[in-house]
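Visitor: I would like to know how the labels given to a structure are justified. Please take me through them.

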Amino acid sequence: MSTRKYGIIAQAVLLAVFAALLAAGSVYDGLIAEKLYTGKGIITVTTEAIGKMPLFLAAAFACAAAFFTVRRPDSVRSMTAAEDGEAPARAVRKERGAAAWYIIRKIVYCLGGVACASFMFKDVFDMITSELLMSLAMCGMAGVAVFTLLTIIFPRISAEKLQSWKKWAIATIIAALIIVVLTEGVKLLWGRARPYEVWDGAEFTAWYTISSFGGDSFFSGHAACCAGILMFAPLLWINDDEPIYRIIYSVLAVLFIACSMLGRIMSGDHYLTDVAAGAIISTVVMSVTYGIAFFRGYEAKPDGFIYKYL
């Protein structure tokens, strides 16, 4: 079976499972939330603390990969200055523009990587301190530390392997950005009350109904972000890793997603439909983004748009 077919089948199975959970929750949402509720415990606190990490870790990793694969100005200069009949002044302007764009891309990927690495720890530090500024400061320091570690590790990876990750890196950054924007936008629009808020007197609304309550239960950001662990899957095929490693990764990824979704229900923060919808949205965004990116292969063309401009 080809890699493309295997990926399509795996995505279809995941979406079918999430859709079945969404259908079950559409009927028994309130009952399931009450039955599974346990309050704060090891599982619920752990899933709250690390549930969002996979998406932001993948995005930080992708930013680091993009950072180290930005084409140097000398490479661009060799293409622009060699044009027949080109005026020297025009060649100089192109070289300066290429140098400026090189620096801008480096800065954007660096800041993006630090920001993504920082958001990895947001829920952890929110548990430690109730002061917003202190939490943000701690997140920032942790983000700088993580991205610095990546910049130490990545130069040890062969240039050839890093170049093969370029298209994956850009697609991952785009997918992560779309998922985060969708999550925050839908939460703001839907206004669904969380289970514990309903138990305190708020009105229960079905997941497909927009509420005026102003809550942020639908859809689950933790479920959407924990599904981000699947963003590392393409690297296993790009690197042509052994099948056993792919199997181990797939099993661990599914278990992590399942535990994270269950933990959010057990804590009373989400309904089954919230976590199922979050996982569906995230999986669909990743499938579409990677499907478009890898339509003509995993690696970007040396003279293509990605290397020229990204």
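**Labels and their reasons**

Guide: Helix 1 gives 10 residues to the lining of the largest pocket, the largest share from any element. Keep in mind that the model is predicted. The volume of the largest pocket is about 800 Å³. Among the 27 residues lining the largest pocket, those closest to its centre are Gly7, Ile8, Ala10, Gln11 and Ala233. Helix 1 (3–36), helix 12 (233–238), helix 13 (243–266) and helix 14 (272–293) each give two or more residues to this lining.

Visitor: How do you know which classes of residue make up the lining of the largest pocket?

Guide: The residues are sorted by class, and the lining comes out as 18 nonpolar, eight polar and one charged.

Visitor: What makes up the lining of the second largest pocket?

Guide: Its lining has 17 residues, and Cys63, Cys116, Ile173, Ile174 and Leu177 are the ones nearest the centre. Helix 3, helix 5 (88–119) and helix 9 (166–190) supply at least two residues each. By class, 16 residues of this lining are nonpolar, one is polar and none is charged. The volume of the second largest pocket is about 390 Å³.

Visitor: Why is helix 3 described as largely enclosed by the rest of the structure?

Guide: A residue is called buried when its relative accessible area is under 20%. In helix 3, 14 of the 15 residues are buried, so the helix is largely enclosed by the rest of the structure.

Visitor: How do you know how the span of helix 3 compares with the expected one?

Guide: Helix 3 covers residues 53–67, and the distance from its first C-alpha to its last is 21 Å. At 1.5 Å a residue, the expected value is 21 Å, and the helix is close to that.

Visitor: Why is Cys63 not counted as bonded to Cys116?

Guide: A disulfide needs two cysteine sulfur atoms within 2.5 Å. The closest cysteine sulfur to that of Cys63 is in Cys116, 4.7 Å away, so the pair is too far apart for a bond. Cys63 also counts as buried, because its relative accessibility is 4%.

Visitor: What about Cys226, and how many disulfides are found in the whole structure?

Guide: For Cys226 the nearest cysteine sulfur is that of Cys225, at 8.0 Å, and Cys226 is in no disulfide. The search of the whole structure finds zero disulfides. Cys226 has 0% relative accessibility, so this residue counts as buried.

Visitor: What makes Gly185 buried, exposed or partly exposed?

Guide: Partly exposed lies between the limits of 20% and 50%. Gly185 has 36% relative accessibility, so the label is partly exposed. Gly185 is in helix 9. Its C-alpha atom is 27 Å from that of Ala66, and the two residues are 119 residues apart along the chain.

Visitor: Why is Ser220 called buried?

Guide: The relative accessibility of Ser220 is 0%, and the limit for buried is under 20%, so the label applies. Ser220 lies in the loop between helix 10 and helix 11. Leaving out residues up to four places away in sequence, Ser220 touches Lys187, Arg264, His270, Asp274, Val275 and Gly278.

Visitor: What is the form of the peptide bond from Phe218 to Phe219, and where is Phe219 found?

Guide: That peptide bond is cis, with omega near -10°. Phe219 is in the loop between helix 10 (195–199) and helix 11 (221–226).

Methods
Residues numbered from 1 in each chain as written. Predicted model: local features only at pLDDT ≥ 70, side-chain atom pairs only at ≥ 80, totals over all residues. Heavy atoms only, no water. Helix = DSSP H or I, 4+ residues; strand = E, 2+ residues; numbered from the N terminus. Expected span 1.5 Å × (residues − 1). Buried < 20%, exposed > 50% of the residue type's maximum accessible area, 1.4 Å probe, protein only. 1 Å grid on protein atoms, 1.4 Å probe; cavity = no way out; pocket = protein on both sides within 12 Å on 5 of 7 lines; lining within 4 Å. Points joined across faces, edges and corners; volume = space filled by probe spheres on them. Nonpolar A, V, L, I, M, F, W, Y, C, P; charged D, E, K, R; others polar. Contact = heavy atoms within 4.5 Å.
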